[in-house]
Amino acid sequence: MKQYVVYTRVSTEEQGRSGLGLEAQERDIGIYLETFSEVPWEVIGRFQDVLSGSSDDRPQLAEAIKLVRATGAELLVAKLDRLSRDVAFIATLIKDKKVRLRVAQMPNADPFQLHLYAALAEQERKFISERTKAALKAAKDRGVKLGGLRDKTMKRNEAIQRKAKAEAEKAMRIIGPLRSAGQTLTAIADTMNDMGAKTSRGGKWSATQVMRVIDRTA
């Protein structure tokens, strides 16, 4: 029988108390187990940490990994960033021969693909950080008061995020049922393109864009 150890993480104590974000993780894990897992299967342990995404001091994750190593079960998470946003941490975990990792939103990904996805995500975060620093420095050099700039930037970013989330939720009316039916990200992208649906920027759909929509609505 296929055995799993499930690990979830929420970002703050408030989320931990209210369950924000947890429901989406449990949903994706459930979809994986019912649609993609070998059968029969069983969950032999569930662990959850409540802390910030930048911290890798995760006591419950350590306990989950310990159980995985002891039993040979697979470690199952909803999204890769629920483990860590640090590619080195994920790479070390992937290389551990006693740990087998499964990511619900990437059900067919092999260790190389998981490593590559983590590296690309970390690279994107670093680029965004450097771009923000450069923009703030340029504004400061022009004599712009940074406090006011940050306020305007935050409001603009909030508006962009609201728009992106609304568009993602609209797309999920189609993507959600397809994903629940076991469609791959590529197959879903092909379906969206065949239907004539456009991305938020008016382009064609790809597996990566489908994943971004799922992430935004998680």
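The exercises below, each with a worked solution, concern a predicted model.

**Exercise 1.** Determine how helices α4 and α5 are oriented relative to each other, and which residues bring them into contact.

Solution. Start with the axes: helix α4 covers residues 87–95, helix α5 covers residues 111–141, and their axes come within 9 Å. The crossing angle is roughly 170 degrees. Angles over 145 degrees count as roughly antiparallel, and α4 and α5 are therefore roughly antiparallel to each other. Next, list the residues. From α4 come V87, I90, A91 and I94, and these meet P111, L114, H115, A118, A119 and E122 of α5. Finally, sort the residues of this contact by class: 8 are nonpolar, 1 is polar and 1 is charged.

**Exercise 2.** Do the same for helices α7 and α8, starting from their crossing angle.

Solution. Helix α7 spans residues 185–194 and helix α8 spans residues 207–217. Their axes come within 8 Å and cross at roughly 95 degrees. The range from 65 to 115 degrees counts as roughly perpendicular, so α7 and α8 are roughly perpendicular to each other. On the α7 side the contact uses L185, T186, I188 and A189, and on the α8 side A207, V210, M211 and I214. By class, this contact has 7 nonpolar residues, 1 polar residue and no charged residues.

**Exercise 3.** Describe the second largest pocket by its volume and its lining.

Solution. The volume is about 150 Å³. The lining is made up of E74, L93, I94, V99, R100, L101, R102, A109, D110, P111 and L114. Now assign elements: α4, β4 (100–103) and α5 each give two or more residues to the lining. The largest share, 3 residues, comes from β4. Sorted by class, the lining has 7 nonpolar and 4 charged residues, and no polar ones.

**Exercise 4.** Classify the ring pair of Y4 and Y32, and place both residues in the chain.

Solution. The structure holds 2 aromatic pairs. In the pair of Y4 and Y32, the ring centres are 6.0 Å apart and the planes stand at 90 degrees, so the pair is edge-to-face. As for position, Y4 belongs to strand β1 (residues 2–10) and Y32 to helix α2 (residues 22–35). The two residues are 28 residues apart, and the pair links distant parts of the chain.

**Exercise 5.** State which residues the cis peptide bond joins, and where P40 lies.

Solution. Most peptide bonds are trans. The bond between V39 and P40 is cis, with omega at about -5 degrees. P40 is placed in the loop between α2 and β2 (41–50).

Note on methods
Residues numbered from 1 in each chain as written. Predicted model: local features only at pLDDT ≥ 70, side-chain atom pairs only at ≥ 80, totals over all residues. Heavy atoms only, no water. Axes fitted to C-alpha atoms, helices over the stretch in contact; angles between N-to-C directions. Helix = DSSP H or I, 4+ residues; strand = E, 2+ residues; numbered from the N terminus. Parallel < 35°, antiparallel > 145°, perpendicular 65-115°, else oblique. Contact = heavy atoms within 4.5 Å. Nonpolar A, V, L, I, M, F, W, Y, C, P; charged D, E, K, R; others polar. 1 Å grid on protein atoms, 1.4 Å probe; cavity = no way out; pocket = protein on both sides within 12 Å on 5 of 7 lines; lining within 4 Å. Points joined across faces, edges and corners; volume = space filled by probe spheres on them. Phe/Tyr/Trp six-rings, centres within 6.5 Å; stacked < 30°, edge-to-face > 60°.
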